[in-house]
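Please work through the following exercises with the sequence and the model at hand. Each task is followed by a solution in steps.

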Amino acid sequence: MDNTISRILAKVYENYRGFNEGAVADYIPELTSVDPNWYGICVFTTDGYGYAIGDAEQPFTIQSISKAFTFGMILDDHGPKAVDARIGVEPSGEAFNSISLDPETGRPLNPMINAGAIAATGMVQGSGFEDRFERIRSRFSAFAGSELSVDEAVYRSESATGFRNRAIAYLLRNVEKLDDPVDEAVEVYFKQCSILVTCRDLAVMAASLANGGVNPVTGERVLQPENVEKVLSVMSTCGMYDYSGEWIFRVGLPAKSGVGGGVLGVLPGQLGVAVFSPRLDVKGNSVRGVKTFVELSQSFNLHLFNYPVVSGHVIRRHYKLSDVGSNRQRLKSHHDTIREHGDAVRVIELQGDIFFTAMERLVRLQTELFDSTNTFVVDLTRVSLIDRATEDILLTVASDISDAGKRLIVIDPSEVIDRGRFDSESVNVAFSSDLDTALEFCEDQLIDKHVEAPMVSGLVPFHDFELFQSLDSNELSRIEGLLEMESFDRDCKIVEQGEDPDYMYLLAKGSVGIHLSPSNGAPRGQRVAAFCPGVCFGDLAVVDGSNRSADVWANEPSTCYLFSLASLARLAEEEPVIHSKILRNILLINIDRLRRCNQEIGSLKS
């Protein structure tokens with residue numbers, strides 16, 4: 001069945017399907033041949049999902065909607081300063097073909113009227129008519145995510161009747177806002193207006209603007225992010241000609257219309273909308289298009305200035321390392337040290353799109369915790385976007401933390417942060433691709449600082465393992481005769497998921513990772529835990545006889561004492577007291593692990 005969005009679009013479509021006010025454009029003879037009953041609606045989201053109804057695949061000429069995208073092109077090519085010298089950004093309050101030039105500078109008032117659009121097309125780079133037009137067609141195609149063509153009949157019709165536009169062009173040349181050859185610029189303009197698009201094409205083009213200049217279907221960057229805001233700003237104030245004020249009041253979206261019957265609207269960060277219906281009102285805007293947008297804006301709450309309040313949950317949670325640690329299993333004494341001193345490490349998890357208000361909440365929390373915290377871990381795993389200005393604030397936060405002799409670690413697997421900006425001797429920032437690795441690092445720092453002789457080098461003697469605590473010297477001697485020793489190279493698989501248990505492993509040197517078996521053909525699956533020297537693994541499977549529940553890989557050259565299932569069985573027969581003590585120690589070790597897990601779960605829920 002159709003989802004809710006599709007049903008709402010269908011309802012709006014039916015509301016105006018029989019609405020026949022307005023007339024097709026006739027100042028370009030070829031446009032009178034279109035079917036006035038064509039009507040299509042298309043919505044495209046910034047994650048590349050589309051909804052369409054009606055004549056959404058019917059080609060028509062883009063006409064003045066092209067002005068917005070050509071304006072973006074020249075901003076990319078020349079920069080805002082050079083463009084501003086030739087084209088203004090003030091609403092004209094007049095018809096699209098009015099001769100609106102600033103009386104002091106001679107600039108067209110904005111790029112959305114014909115005078116400004118011709119000046120913009122004149123700035124498109126190229127070595128001649130074909131080259132300049134092909135650059136435009138190619139860029140428009142990138143915006144649409146499909147190869148666009150030209151309606152040659154409409155182009156010829158526009159060229160044959162475009163006397164007013166030629167007059168505007170020569171007037172622009174007279175005030176030095178258009179370079180020679182004037183006729184070439186005008187012909188490129190006529191042809192760009194004759195590019196064929198569908199309602200779907202326009203919706204994707206709009207979504208590309210909503211997505212910060214990246215086509216959400218192809219993933220290609222089609223406009224520099226700093227110029228997207230400039231294009232949308234002019235669309236907001238000038239895109240609907242002398243109806244622009246009424247439009248922004250009633251619909252509230254940056255938009256652009258064309259006399260071919262298309263209307264394009266953009267909700268930044270969320271979606272693009274396009275409507276196609278050829279009958280126009282006296283201002284040159286699609287009658288059905290305007291009415292459709294008004295109803296869609298109300299139905300979907302699209303008005304730009306009716307934005308939602310920033311979620312109070314942008315800070316997903318925050319906690320201390322003493323409450324929630326990494327998945328690395330360590331000596332009990334090391335875990336006790338982390339629990340005792342971990343209050344000085346604070347983890348702050350963020351989520352969603354981070355703009356000023358959201359970053360302000362992080363700054364407020366960071367200030368509140370500053371005196372009691374030595375290391376801040378900011379987790380951006382669930383963050384999809386940080387704008388440049390907000391990144392500047394984070395850079396200042398990083399500088400303040402560094403100046404105080406403290407450390408900032410940023411978890412940024414999707415690289416939403418421009419890391420190069422944080423690469424400075426004055427800013428003590430470390431980046432990590434996952435939270436668990438960062439927590440392990442923080443734990444290692446605490447152990448190095450607070451444990452007088454951490455067992456992280458050489459071989460941990462077998463009698464220091466918790467597995468053998470409470471055994472006397474004679475009992476330890478008996479155990480020593482049962483142990484084997486084996487070394488493993490880096491990236492060696494020590495244990496394979498599903499195999500029968502044969503040994504308990506006592507990690508004397510190195511480190512190992514516990515991984516689920518991969519399901520996608522990768523050499524290793526997801527890591528779920530890691531073990532340090534002094535810790536045993538494989539003990540539960542040996543005790544209860546179940547198959548191995550995960551793969552174990554050597555992260556570095558490692559050495560283990562091996563305590564076999566056969567040796568444990570022999571102890572049960574020959575040394576039942578020792579056997580009982582070992583089983584009790586296995587139970588205590590796993591009780592301690594379970595207790596830490598419960599404490600962490602409780603901390604995360606609070």
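**Exercise 1.** Determine which residues Glu 295 touches, not counting residues up to four places away in sequence.

*Solution.* Contact is taken as heavy atoms within 4.5 Å. By that criterion, Glu 295 touches Lys 11, Val 12, Asn 15 and Tyr 16. Next, locate the residue: Glu 295 belongs to helix H12 (residues 287–300), where helices (H or I, at least four residues) and strands (E, at least two) are DSSP runs, numbered from the N terminus. Then examine the side chains: that of Glu 295 makes a polar contact with that of Asn 15 at 2.8 Å. A polar contact is a pair of N or O atoms within 3.5 Å; within protein, one must be able to donate a hydrogen and the other to accept it, and residues adjacent in sequence count only if both atoms are side-chain atoms. Finally, Glu 295 has a relative accessible area of 14% and is therefore buried (buried is under 20% relative accessible area, exposed over 50%, partly exposed in between, with a 1.4 Å probe and protein chains only).

The model is predicted: local features need pLDDT of at least 70, side-chain atom pairs count only at pLDDT 80 or more, and totals for chains, interfaces and linings use all residues. Residues are numbered from 1 along each chain as its sequence is written, and side-chain values use heavy atoms, with hydrogens and water left out.

**Exercise 2.** Tyr 241 and Glu 415 each have a positive phi without being glycine; decide for each whether it is buried or exposed.

*Solution.* Begin with Tyr 241, whose phi is about 60°. Tyr 241 lies in the loop between helix H10 (225–238) and helix H11 (244–250). Its relative accessible area is 5%, so Tyr 241 is buried. Turn to Glu 415, with phi near 55°, in the loop between strand S12 (407–411) and strand S13 (429–432). Glu 415 counts as exposed because its relative accessibility is 54%.

**Exercise 3.** Describe how strands S1 and S2 pair.

*Solution.* Two strands pair if DSSP finds at least two bridges between them. Strand S1 (residues 40–45) and strand S2 (residues 50–54) are joined by five bridges in the antiparallel sense. One bridge can be checked directly: Val 43 has Tyr 51 in S2 as its partner. The two strands form a hairpin with four residues between them. In the turn, Gly 48 has a positive phi of about 85°.

**Exercise 4.** Identify the buried residues of helix H6 and the elements against which they pack.

*Solution.* In H6 (residues 152–161), the buried residues are Val 154, Tyr 155, Ser 157, Glu 158 and Ser 159. They pack against strand S3 (60–61) and helices H5 (129–144), H7 (163–174) and H8 (182–193). At the start of H6, a side-chain oxygen of Asp 151 comes to within 3.1 Å of the backbone nitrogen of Ala 153. The loop between H7 and H8 holds Pro 181, and the peptide bond from Asp 180 to Pro 181 is cis, with omega near -5°.

**Exercise 5.** Give the strand order of the open sheet that contains S14, and name its edge strands.

*Solution.* The four strands run in the order S14-S21-S16-S19, with antiparallel pairing. Strand S14 (484–488) and strand S19 (536–537) are the edges, as each pairs on one side only. S19 pairs with strand S16 (residues 503–509) over two bridges, and Tyr 505 stands opposite Phe 537 in S19.
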